[in-house]
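Reader: I would like a close look at one part of this structure, namely a helix that packs on a sheet, together with the strands around it. Please go through it step by step, and then place it beside some other local features of the chain.

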Amino acid sequence: MLTSSFLRDKMELSPHSEHFRQPFFCLSLQMFGLTQQEFTCLCVCFALQLSVQQRVFNIANELLQTEKAYVSRLHLLDQVFCGRLMEEARARGSFPCEVVMGIFSNICSIYCFHQQFLLPALEKRMEEWDANPRIGDILQKLAPFLKMYGEYVKNFDTAMELVNTWMERSSQFKAIIHDIQKEEMCGNLTLQHHMLEPVQRIPRYELLLKDYLHRLPEDADDFKDAQKSLELIATAAEHSNAAIRKMERMRKLLKVYELLGGEEDIVNPTNELIKEGHILKLSAKNGTSQDRYLILFNDRLLYCVPKLRLIGQKFGVRARIDVDGMETSSINVPRTFLVSGKQRSLELQNCTELGKRAPTPIREKEVTLCMKCQEPFNSITKRRHHCKACGHVVCGKCSEFRARLLYDNNRANRVCIDCYTTLVGVPPSPASLTNSAQRRRSILEKQASVAAENSVLCSFLHHMEKGSGRGWQKAWFVIPENEPLVLYIYGAPQDVKAQRSIPLIGFEVSLPESCDRLERRYAFKMSQSHLTVYFSADGEELQRRWMEVLSRAGRGEEIPAHGPISEALEEEGEESTSLGEST
């Protein structure tokens, strides 16, 4: 038989290689009685076998790494959240011990099982993988213990209700929860988020084991044990699937809860999110349209106003309208309807009625590129202009058209090409269109404000590329939810085209070294091959959050969306505008 080491040394040689013509190599083949073609076939087979073994090892290693992360979350739930609440209940009696036990159910037993049995067994097995490459026997032995999750899953709805009730009833209970949530180990996630993880863990085992079996040859020693383990885990997973469907509803509620800055009590198993989105509200004072956000639940409608903050967009609730007794009716203005409720009536519009009402103009300082042709502005040849119909900031060439607007006594006003086509009914003649207006959209044309609303993380940062010869520049950075491994760089939050995009896979993120000679505070860098980009944040927490998100993206890991970082000041004038609106 050929030895593994002999094949490993020779497997990459082709029959036409110079090595095949070496006397020693030919002698070796003669010793084993092989032709060059037979030897090549053996090399290919051996390479495929190594590839299969490597994939099986990778899945087993992924199980170990995710188990380590999961045990740390269980420690957070049991030793930190549950421990501190129970200590307060026993020492001062601020709330009953039974409340804490009702919230965390049997999380202590689950934590002990994983921390003392499953994780150590997996760690030991991975250390001796070369001698004993299998995990099915471990999972088959320990899988029956996963039935303990049934109690936790069944109690989950009750636990959520208890958390919400005592967050309102006890100021000390609420203070302890909030204090823990601010700590770094909490990862900027709420208690409710962490309580979801045990419900989702069993299906995660099932998926990993299915992948493991798919890669494992049927004649492998571990195949039968792994197959039996999958049957046991699938049975345990059935108890979690129904709860997970409820948890998905809860996850949507938590996302809206964070969108509202944690200021609205909506996280409740009886609440169901039906629809949310932007809409225009018509002012009762002067008829102008204003950007608003509606969130419809099964029992209420929340009317919200945008608050542009340093980290993404948040909304403040201006009015709450009970669904019970709420009515909608159309009015004479096209695409406009009236919502009437016990608490408030709103005149809303699906889109701006061009020319009939003055638009709400976008601030010039929020835009660095023309919102039509995406060319950068400058103070000499590419100045900013407002379209008088839609309020967008555009360049001179994209607003060289004129149309009559009813709200301005039917006088001709400067409008953009899109509004001109809508108002006049026909597009401008081809001769009047510039090359920039006719060009195709590029991959970077992802509007910053839209991306920020659905982002993993976004904020202003200063940045500088090593060796570029340019100094520090301020820009708006966004990692979209639908592209969590890509960093988009905008000149301003309202730009319709990114200046640049950077795929993040493979980047390493770290603090700057002394040789980098950076004089800015809260600096960090990400490096890949010959590219190094330096960043500077406005604070330590913002620096930490960006480093965490970029590091995880660089490793290709899943990133939780909309992680709140810190309360930031609103954009200048936003609050005064909201307060000045008619209620």
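**A helix against a sheet**

Author: In α15, the buried residues are L542, Q543, R544, R545, W546, M547, V549, L550, S551, A553 and G554. The model is a predicted one, and everything that follows should be read as a description of that model. Buried here stands for a relative accessible area under 20%, and because eleven of the 15 residues of α15 meet that condition, the helix is largely enclosed by the rest of the structure. As for its extent, α15 (residues 540-554) reaches 21 Å from its first C-alpha to its last, which is close to the 21 Å expected for its 15 residues at 1.5 Å a residue. The residue G556 follows α15 and has a positive phi, near 75°.

What, then, covers the buried residues of α15? The cover includes the strands β12, β13, β14, β16 and β17, and these are also the strands that α15 touches as it packs on the sheet: β12 (455-465), β13 (473-480), β14 (486-490), β16 and β17. The direction of α15 makes about 100° with that of β12.

The sheet itself is open and has seven strands, in the order β15-β14-β13-β12-β18-β17-β16, with antiparallel pairing. Its edges are formed by β15 (500-503) and β16 (508-510), each of which pairs on one side only. On average, and with direction ignored, neighbouring strands of this sheet are turned by 35° against each other. In general terms, the strands of a sheet pair through backbone hydrogen bonds, in either a parallel or an antiparallel way.

Taking the strands under the helix in turn, β12 and β13 pair in the antiparallel sense over eight bridges, and S455 stands opposite P480 in β13. On its other pairing, β13 is joined to β14 by three bridges, and these two strands again run antiparallel; one pair of bridge partners there is F477 and I489, the latter lying in β14. The two strands β13 and β14 form a hairpin, with five residues between them. The strand β13 is also mostly covered, as six of its eight residues are buried.

Towards one edge of the sheet, β16 is joined by three bridges to β17 (residues 523-528), and the two run antiparallel. Within this pairing, V509 stands opposite M526 in β17. The edge strand β16 thus appears in two roles: it pairs on one side only, and it is among the strands touched by α15.

For a view of helix against helix, consider α8 (residues 156-169) and α10, whose axes come within 11 Å and cross at roughly 170°. Angles over 145 degrees count as roughly antiparallel, and α8 and α10 are therefore roughly antiparallel to each other. In this contact, F156, A159, M160, V163 and N164 of α8 meet L191, Q192, M195, L196 and V199 of α10. Sorted by class, the contact has eight nonpolar residues, two polar ones and no charged ones.

Just ahead of α10, the loop between α9 (171-181) and α10 (191-215) holds N188, a residue that has a positive phi of about 60° although it is not a glycine. N188 is buried, with a relative accessible area of 11%. A second asparagine, N410, likewise has a positive phi, near 60°, and is found in the loop between β10 (401-405) and β11 (411-415); with a relative accessible area of 37%, however, N410 is partly exposed.

Two buried positions in helix α3 complete the picture. E88 lies in α3 (residues 36-92) and, at 5% relative accessibility, counts as buried; residues up to four places away in sequence aside, E88 touches G93, S94, F95, Q172 and I176. L74 also lies in α3 and counts as buried, at 0% relative accessibility. Apart from its neighbours within four places in sequence, L74 is in contact with Q79, I107, I110, Y111, H114 and P198. Of these, H114 is 40 residues away from L74 in sequence, while the two are 8.7 Å apart in space, C-alpha to C-alpha.

Note on methods
Residues are numbered from 1 along each chain as its sequence is written. This is a predicted model: local features need pLDDT of at least 70, side-chain atom pairs count only at pLDDT 80 or more; totals for chains, interfaces and linings use all residues. Side-chain values use heavy atoms; hydrogens and water are left out. Helices (H or I, at least four residues) and strands (E, at least two) are DSSP runs, numbered from the N terminus. Buried means under 20% relative accessible area, exposed over 50%, partly exposed in between (1.4 Å probe, protein chains only). Axes are lines fitted to C-alpha atoms, for helices over the stretch in contact, and angles run from 0 to 180 degrees between N-to-C directions. Angles under 35 degrees count as roughly parallel, over 145 as roughly antiparallel, 65 to 115 as roughly perpendicular and the rest as oblique. Contact means heavy atoms within 4.5 Å. Ala, Val, Leu, Ile, Met, Phe, Trp, Tyr, Cys and Pro count as nonpolar, Asp, Glu, Lys and Arg as charged, and the others, Gly among them, as polar. Two strands pair if DSSP finds at least two bridges between them. The expected span of a helix is 1.5 Å times one less than its number of residues.
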